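User: I have a chain open here and want to go through its cysteines and aromatic rings. Can you take short questions as they come?

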Amino acid sequence: MTNSIQQNSADWLVVGKGAIGLLSACRLQQKGERVQLWLRQPAPLKVAFTALEGSLQQHQFAPWPKDKAAKLALIAVKAYDALDCIRQLQPQLAEDASLILSHNGLGTLASIQAELKPKQQLWFLTTTHGAYIKADKAATRQVVHSGGGNSILAAIGPNAIHQEPDWQRALAKALGPLQRVTDIQPFLWQKLLINCLINPLTALHQVPNGALASPRFAAELDGLFNEFCLLAAAVGYPQDQAAAWQQLQQVIQRTASNRSSMLQDRLAGRRTELAFITGFVLREAERCGLVLPKHQQLYQQCQDAGF
Ligand SMILES: NC(=O)c1ccc[n+]([C@@H]2O[C@H](COP(=O)([O-])OP(=O)(O)OC[C@H]3O[C@@H](n4cnc5c(N)ncnc54)[C@H](OP(=O)(O)O)[C@@H]3O)[C@@H](O)[C@H]2O)c1
């Protein structure tokens, strides 16, 4: 099946040719949305998209035209790229553009908001959908939707609007089920708990997620978990400890054979998001006057290991 670009009222600028950006772009295009890509080197891009149920669909995307102001941008990049990306994108954005930012980890929002014009609205999307890029075949980018999930969306900032934006339904069809919330921070802290335990430990020891269920990791997991709960309570996002521990165990079991994103990045020699996961935890602890020795030690071990 070939999905050509269709004329529609929504014009989506999707940044990059990464896994989540192209997953979104393909699924938006399938729903009849007009999508163009903002790439480091502007050129048309062919994408072979493998859907969750295994069907293969061909997509084609044009580069975003330089002379067109974007009113709607989806920016699913690594946390360490987010600020630079928005700075580069700014001349292309309409005065009242909506920017949907999506990444793992925390700590980017304040500096990004400082880059925005008064009528530009920042949104944050967190998703549990999974996708990856397979080795490129000739000129075609291959994207695999590897895991179904759900997404949470919130407007960010002091002037956040709380009515439903006109693009929300399209986004829900692409990355839904979609829940819109007024405060995304509690959800980001829940996800941070999972990320700051599973990612650095699996990347450091080069093991799949399920290995963390072994007694070898029990004391370390427990110590990291308790320190995180102390911090979360101190910053105003107290965790229901029994529920949070159960959720952590469920993620470890459900994704037992998966390699965490940080392990994949380490093995591929790519930069990891450690500074926005454990690094963020440590910066927040310092801000609150807390010392988290287990997280400090883990961060140091990751740095000593070169990631
Ligand atoms: N993949 C998943 O299953 C998944 C699931 C949930 C959450 N996440 C999170 O979502 C975020 C994105 O993940 P991902 O897997 O999609 O990452 P990714 O595959 O690395 O994609 C990011 C893309 O953005 C591009 N990019 C960055 N800055 C750019 C700029 N200024 N201009 C143009 N392109 C730019 C990168 O290009 P270069 O490669 O040239 O740098 C890359 O193609 C991460 O925080 C990740 O942890 C991922």
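User: Is Cys85 buried or exposed?
Analyst: This is a predicted model. In it Cys85 has a relative accessibility of 9%, so Cys85 counts as buried.

User: How many disulfides are there?
Analyst: The count is 0. For Cys85, the nearest cysteine sulfur belongs to Cys26 and is 18 Å away.

User: Why is there no bond between Cys288 and Cys229?
Analyst: Cys229 holds the closest cysteine sulfur to that of Cys288, but the two are 14 Å apart, which is too far for a bond. A disulfide needs the sulfur atoms within 2.5 Å. Cys288 is partly exposed, because its relative accessibility is 30%.

User: Switching to rings. How many aromatic pairs?
Analyst: There are 6 aromatic pairs. In one of them, Trp12 and Trp167, the ring centres are 6.3 Å apart and the planes are at 80 degrees, so this pair is edge-to-face.

User: Where do Trp12 and Trp167 sit in the chain?
Analyst: Trp12 is in strand 2 (residues 11-15), and Trp167 is in the loop between strand 11 (151-156) and helix 4 (168-175). They are 155 residues apart, so the pair links distant parts of the chain.

User: Are those two buried or exposed?
Analyst: Trp12 is buried, at 0% relative accessibility. Trp167 is buried too, with a relative accessible area of 5%.

User: Which residues form the aromatic cluster?
Analyst: Trp189, Phe228, Tyr237 and Phe280 form one cluster.

User: And what sits over the ring of Trp64?
Analyst: The charged end of Lys68, at 4.4 Å from the centre of the Trp64 ring.

Note on methods. Residues numbered from 1 in each chain as written. Predicted model: local features only at pLDDT ≥ 70, side-chain atom pairs only at ≥ 80, totals over all residues. Heavy atoms only, no water. Phe/Tyr/Trp six-rings, centres within 6.5 Å; stacked < 30°, edge-to-face > 60°. Helix = DSSP H or I, 4+ residues; strand = E, 2+ residues; numbered from the N terminus. Buried < 20%, exposed > 50% of the residue type's maximum accessible area, 1.4 Å probe, protein only. Lys NZ or Arg CZ within 6 Å of the ring centre and 35° of its normal.
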